[in-house]
Amino acid sequence: MMDAERTRAERSIIGSVLMEPERCMAAAVNAGVDCDWFTDPKLALAWTAAKTLFRERSAVDELLLVERAGRIAAEERSPHHGVVFGLDEIEAVIDATVT
């Protein structure tokens, strides 16, 4: 898969999860999606945050995802330390998702 195509696919996974979390999170987790699937560090962080919320049986929405991503990135031992996934990235992943 070419880099641009792969990035688009990665964004679509996160965008789908944000647009239809009840349906898409379970399907993605059951398919084995993991942060290692993502080449973009911001998207890997977003997936880790979404999966954490899902496992906690919390809602997966834009604001909670950004908040959780910030907390994960702030942890010094986190592989995502210092990565930022904010509202601008939310808009980009939703825009990239085919509906």
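User: Which residues are exposed on the other side of H5, away from its buried residues?
Analyst: This is a predicted model in which local features need pLDDT of at least 70 and side-chain atom pairs count only at pLDDT 80 or more, while totals for chains, interfaces and linings use all residues. Residues are numbered from 1 along each chain as its sequence is written, and side-chain values use heavy atoms, with hydrogens and water left out. Helices are DSSP runs (H or I, at least four residues; strands are E, at least two), numbered from the N terminus, and exposed means over 50% relative accessible area, buried under 20% and partly exposed in between (1.4 Å probe, protein chains only). On that side of H5, the exposed residues are Leu-87, Asp-88 and Asp-95.

User: Over what arc are the buried residues of H5 spread?
Analyst: Helix H5 spans residues 87-96, and its buried residues are Glu-89, Ile-90, Val-93 and Ala-96. These lie on the same side of H5, because the arc that they cover around the axis is only 135 degrees. The arc is taken from the directions between the helix axis and the C-beta atoms. In an α-helix, residues three or four places apart point the same way, because there are 3.6 residues a turn. The arc for H5 is 135 degrees.

User: Against which helices do the buried residues of H5 pack?
Analyst: Packing rests on contact, defined as heavy atoms within 4.5 Å. By this criterion, the partners of the buried residues of H5 are H1, helix H3 (41-55) and helix H4 (62-74).

User: How are H1 and H5 oriented to each other?
Analyst: The axes, which are lines fitted to C-alpha atoms (for helices over the stretch in contact), give angles that run from 0 to 180 degrees between N-to-C directions. Angles under 35 degrees count as roughly parallel, over 145 as roughly antiparallel, 65 to 115 as roughly perpendicular and the rest as oblique. The axes of H1 and H5 cross at roughly 100 degrees and come within 7 Å. H1 is therefore, relative to H5, roughly perpendicular.

User: How many nonpolar, polar and charged residues does the contact of H3 with H4 have?
Analyst: The axes of H3 and H4 are 8 Å apart, at an angle of about 110 degrees, and the two helices are therefore roughly perpendicular to each other. From H3, Leu-45, Ala-46, Thr-48, Ala-49, Ala-50, Thr-52 and Leu-53 meet Leu-64, Leu-65, Arg-68, Ala-69, Ile-72 and Ala-73 of H4. Ala, Val, Leu, Ile, Met, Phe, Trp, Tyr, Cys and Pro count as nonpolar, Asp, Glu, Lys and Arg as charged, and the others, Gly among them, as polar. The contact of H3 with H4 thus divides into 10 nonpolar, 2 polar and 1 charged.

User: Which residues of H1 and H2 make the contact between these helices?
Analyst: The axes of H1 (residues 3-19) and H2 (residues 21-30) cross at roughly 135 degrees and come within 6 Å. H1 is therefore oblique to H2. H1 contributes Ser-16, Val-17, Leu-18 and Met-19, and H2 contributes Pro-21, Cys-24 and Met-25.

User: Which helices are included in what covers the buried residues of H2?
Analyst: The buried residues of H2 are Pro-21, Cys-24, Met-25 and Ala-28. Their arc around the axis is only 100 degrees, which puts them on the same side of H2. The face turned away from this buried side carries the exposed residues Glu-22, Arg-23 and Asn-30. The cover over the buried residues includes H1 and H3.

User: Which helix supplies the largest share of the largest nonpolar core?
Analyst: A nonpolar core is a set of buried Ala, Val, Leu, Ile, Met, Phe, Trp, Tyr and Cys residues joined through side-chain atoms within 4.5 Å. The largest has 25 residues, of which Ile-14, Val-17, Phe-38, Leu-45, Trp-47, Leu-65 and Phe-85 touch the most other members. H1, H2, H3, H4 and H5 each supply at least two residues of this core. The largest share, 8 residues, comes from H3.

User: Is His-81 buried, partly exposed or exposed?
Analyst: His-81 lies in the loop between H4 and H5. Apart from residues up to four places away in sequence, His-81 touches Ala-73, Ala-74, Glu-75 and Glu-76. Because its relative accessible area is 43%, His-81 is partly exposed.

User: What is the phi of Arg-57?
Analyst: Arg-57 lies in the loop between H3 and H4. At 79% relative accessibility, Arg-57 counts as exposed. Although Arg-57 is not a glycine, its phi is positive, at about 60 degrees.
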